[in-house]
Amino acid sequence: MKHLFRSMVVLAATLAALPLSAQNSQSGERARAAANSTTRMPVIIPAGTPLTVAIDEDLSSASVNQGQQVAFHLPADYSEFGHVLIASGTPVKGTVAHVARRSAGGNPGSVTLQVTSVRAVDATYIPLRGTTKAVGKKRQGQAAALGILTFGIGATKKGLSAVIPAGTQFTVFTNTKRTIVVPR
């Protein structure tokens, strides 16, 4: 009886192992086929991923208006797992979020830019969040001194306009998770 029981256990173990070994060879074949495939592969860009953008044009608080479109670009490729997901030079959309003109009393001008979106190599829309702000030089002390010396007329002295030169770089972040499909 013991011998029969042992034989049955050995036979059951042998039969149970057969499908596992066949399964392992099938998964190995699938892995080899995937590695040699020319199919496309999804890659995820997580929310909050930092990207560096650069401004394409000189901007001044004296000449821009709130809501105006502003051109940016990516100065370097963004890559994951050896795949370029957003290419260098890709246009990035943005706007003038706020502008304040320089004013009397020595108050400086300011301009705030907001980045809104970029397209990946597969044309996937990627919303972005990020701003940069520039403030001109204050002249409040000069305006006050001139106001005293000129009996108030000097108080009309204005601060300087805010200027952001072309090529200025700053960091923005992806707003949501996106899946980009790239060739393997």
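Visitor: Where is Ala123 found?

Guide: Ala123 sits in the loop between S8 and S9. This is a predicted model, and in it the phi of Ala123 is near 75 degrees.

Visitor: What makes the phi of Ala123 worth a remark?

Guide: The value is positive, and the residue is not a glycine. Most residues other than glycine have a negative phi. Phe81 also has a positive phi, near 55 degrees. Phe81 belongs to the loop between strand S5 (78-80) and strand S6 (83-86).

Visitor: Why does Phe81 count as exposed?

Guide: The cut-off for exposed is over 50% relative accessible area. Phe81 comes in at 67%, so it counts as exposed.

Visitor: How much confidence does the predictor give the protein, in terms of mean pLDDT?

Guide: The mean pLDDT is 77, with 62% of residues at 70 or more. Over residues 20-24 the pLDDT drops below 50, and that stretch has 0 contacts in the model beyond near neighbours in sequence. Where pLDDT is low, the predicted coordinates should not be read in detail.

Visitor: How many helices and strands does the protein have?

Guide: There are 2 helices and 13 strands. Of the 184 residues, 30% are buried.

Visitor: How do you know that S2 and S12 pair?

Guide: Pairing takes at least two bridges between the strands. Strand S2 (residues 50-55) and strand S12 (residues 169-174) share 5 bridges, in the antiparallel sense, so they pass that test. One of the partnerships is Pro50 with Phe173 in S12.

Visitor: And what makes S2 and S4 a pair?

Guide: Here 2 bridges join S2 to strand S4 (residues 69-73), running antiparallel. The rule asks for at least two, so that is enough. Ile55 stands opposite Phe72 in S4. S4 in turn is joined to strand S7 (residues 91-100) by 5 bridges, again antiparallel, and Phe72 has Val92 as its bridge partner in S7. From S7 you can carry on to strand S8 (residues 110-119): 8 bridges, antiparallel. In that pairing, Val96 is opposite Leu113 in S8.

Visitor: Why is the pair of Phe72 and Phe170 called edge-to-face?

Guide: Start with the count: there is 1 aromatic pair. The ring centres of Phe72 and Phe170 lie 5.9 Å apart, with their planes at 80 degrees. Centres must be within 6.5 Å to pair, and planes over 60 degrees apart count as edge-to-face, so this pair earns the name. The pair links distant parts of the chain, with Phe72 in strand S4 and Phe170 in strand S12, 98 residues apart. Both Phe72 and Phe170 are buried.

Visitor: What makes Ser61 count as buried?

Guide: Buried means under 20% relative accessible area. Ser61 has 0%, so it is buried. Ser61 lies in the loop between strand S3 (59-60) and S4. Beyond residues up to four places away in sequence, Ser61 touches several others, including Val99, Arg101, Ser110 and Ser161.

Visitor: Why is Thr168 called partly exposed?

Guide: Its relative accessibility is 25%, and partly exposed covers what lies between under 20% and over 50%, so the label fits. Thr168 is in the loop between strand S11 (163-164) and S12. Leaving out residues up to four places away, Thr168 touches Val53, Ala54 and Ile55. A polar atom of the Thr168 side chain also lies 2.6 Å from the backbone oxygen of Pro165.

Visitor: How do you know that Arg129 and Asn175 make a polar contact?

Guide: Their side chains are joined at 3.4 Å. The limit is 3.5 Å between N or O atoms, so the distance falls inside it. Arg129 lies in strand S9 (residues 125-129). Apart from neighbours within four places in sequence, its contacts include Gly48, Val115 and Phe173.

Visitor: Is Arg129 buried, exposed or partly exposed, and why?

Guide: At 41% relative accessible area, Arg129 is neither under 20% nor over 50%, so it is partly exposed.

Note on methods. Residues are numbered from 1 along each chain as its sequence is written. Side-chain values use heavy atoms; hydrogens and water are left out. pLDDT is the predictor's confidence in each residue, from 0 to 100. Contact means heavy atoms within 4.5 Å. Helices (H or I, at least four residues) and strands (E, at least two) are DSSP runs, numbered from the N terminus. Buried means under 20% relative accessible area, exposed over 50%, partly exposed in between (1.4 Å probe, protein chains only). A polar contact is a pair of N or O atoms within 3.5 Å; within protein, one must be able to donate a hydrogen and the other to accept it, and residues adjacent in sequence count only if both atoms are side-chain atoms. Rings of Phe, Tyr and Trp (its six-membered ring) pair if their centres lie within 6.5 Å; planes under 30 degrees apart count as stacked, over 60 as edge-to-face and the rest as tilted.
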